[in-house]
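Biologist: I am new to this structure and would love a close look at a single part of it. Could you pick one spot, start there, and then walk me outward through its surroundings?

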Amino acid sequence: AAARHSRLDPFLIEAVAFVESGFNERARSPKGALGLMQLMPATAARFGVDNPLDPRENLLGGARYLRELLDRFDSLPLALAAYNAGEGAVERHGNTIPPYAETARYVPAVIAHYARLRNPSAPAAAR
């Protein structure tokens, strides 16, 4: 439902949720991000998520946010960087992936997991 509502590939949402929370719907980060898609409280409120620990609400809100970022940056790596580090961080760094260690690990991790989901039979080197 989240993929359909946000016009995203369900595998992309799955990849983000896997990297963000390991599919733990009760996940809480030290910085305050919550749920499957690790929504910050302000982001959850921005996208109409009343209960970020509700899996359905969290996935819908996270997918809406990701759709907005893809539309804004027109690049999967930049959208993922913005999802992780914040839109302002991507903009402050000239619309490039910010030089943060966490973001430098996050973007390729999501992209690699997304590639595995889209083509599970491909050899690892081809993904």
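Modeller: Happy to! Let us start at L66, which touches L8, L12, V16, A79, L80 and Y83 once residues up to four places away in sequence are set aside. Please keep in mind as we go that this is a predicted model.

L66 also belongs to a bigger picture. The largest nonpolar core has 32 residues, and L66 is among those with the most contacts inside it, together with L12, V16 and Y83. Two or more residues of this core come from each of α1 (2-6), α2, α4, α5 (76-85) and α7. The element that gives the most is α4, with seven residues.

Now look at how the helices meet around this spot. Helix α2 (residues 10-21) and helix α4 (residues 55-73) have axes that come within 11 Å and cross at roughly 110°. Angles of 65 to 115 degrees count as roughly perpendicular, so α2 is roughly perpendicular to α4. On the α2 side the contact is made by L12, I13 and V16, and on the α4 side by L59, A63, L66 and L70. Our starting residue, L66, is thus one of the α4 residues in this contact. By class, the residues where α2 meets α4 are seven nonpolar, no polar and no charged.

Helix α2 has another partner, helix α7 (residues 101-118). Here the axes are 8 Å apart and the packing angle is about 135°, so α2 is oblique to α7. This crossing is right-handed. From α2 come F11, L12, E14, A15, V16, F18, V19 and E20, and they meet Y106, A109, V110, H113, Y114, L117 and R118 of α7. This contact between α2 and α7 divides into 11 nonpolar residues, one polar and three charged. Notice L12 and V16: both are listed in the contact of α2 with α4, and both appear again where α2 meets α7.

Helix α7 also packs against α5, at an angle of about 125° and with the axes 9 Å apart. That angle makes α5 oblique to α7, and the crossing is right-handed. The α5 residues involved are L76, P77, L80, A81, Y83, N84 and A85, while α7 brings E102, T103, Y106, V107, V110, I111 and Y114. Sorted by class, the contact of α5 with α7 has 11 nonpolar, two polar and one charged residues. L80 and Y83 take part in this contact, and both are also touched by L66, which brings us back to our starting point.

From here we can follow the chain out of the helices, beginning with α2. S21 is found in this helix. With a relative accessible area of 13%, S21 falls under the 20% cut-off and so counts as buried. Setting aside residues up to four places away in sequence, S21 touches A27, G35, L36 and Q38.

The loop between α2 and α3 holds F23. F23 has a positive phi of about 65° although it is not a glycine, and at 42% relative accessibility F23 counts as partly exposed. K31 lies in the loop between α2 and α3 (41-46) as well. K31 is exposed, with a relative accessible area of 65%. Leaving aside neighbours within four places in sequence, K31 is in contact with M40 and E102. You have met E102 already, as one of the α7 residues in the contact with α5.

Next comes L53, whose place is in the loop between α3 and α4. At 11% relative accessibility, L53 counts as buried. Apart from neighbours within four places in sequence, L53 is in contact with E25, R26, A27, R28, L34 and G35. Among these, A27 and G35 are also touched by S21. To place L53 against another part of the chain, compare it with A2: they are 51 residues apart in sequence and 15 Å apart in space, C-alpha to C-alpha.

Our last stop is D74, in the loop between α4 and α5. D74 is exposed, with a relative accessible area of 70%. Like F23, D74 is not a glycine, yet D74 has a positive phi, here of about 55°.

Definitions and conventions: Residues numbered from 1 in each chain as written. Predicted model: local features only at pLDDT ≥ 70, side-chain atom pairs only at ≥ 80, totals over all residues. Heavy atoms only, no water. Axes fitted to C-alpha atoms, helices over the stretch in contact; angles between N-to-C directions. Helix = DSSP H or I, 4+ residues; strand = E, 2+ residues; numbered from the N terminus. Parallel < 35°, antiparallel > 145°, perpendicular 65-115°, else oblique. Contact = heavy atoms within 4.5 Å. Nonpolar A, V, L, I, M, F, W, Y, C, P; charged D, E, K, R; others polar. Left-handed = near helix turned anticlockwise from the far one by under 90°. Buried < 20%, exposed > 50% of the residue type's maximum accessible area, 1.4 Å probe, protein only. Core = buried A, V, L, I, M, F, W, Y, C linked by side-chain atoms within 4.5 Å.
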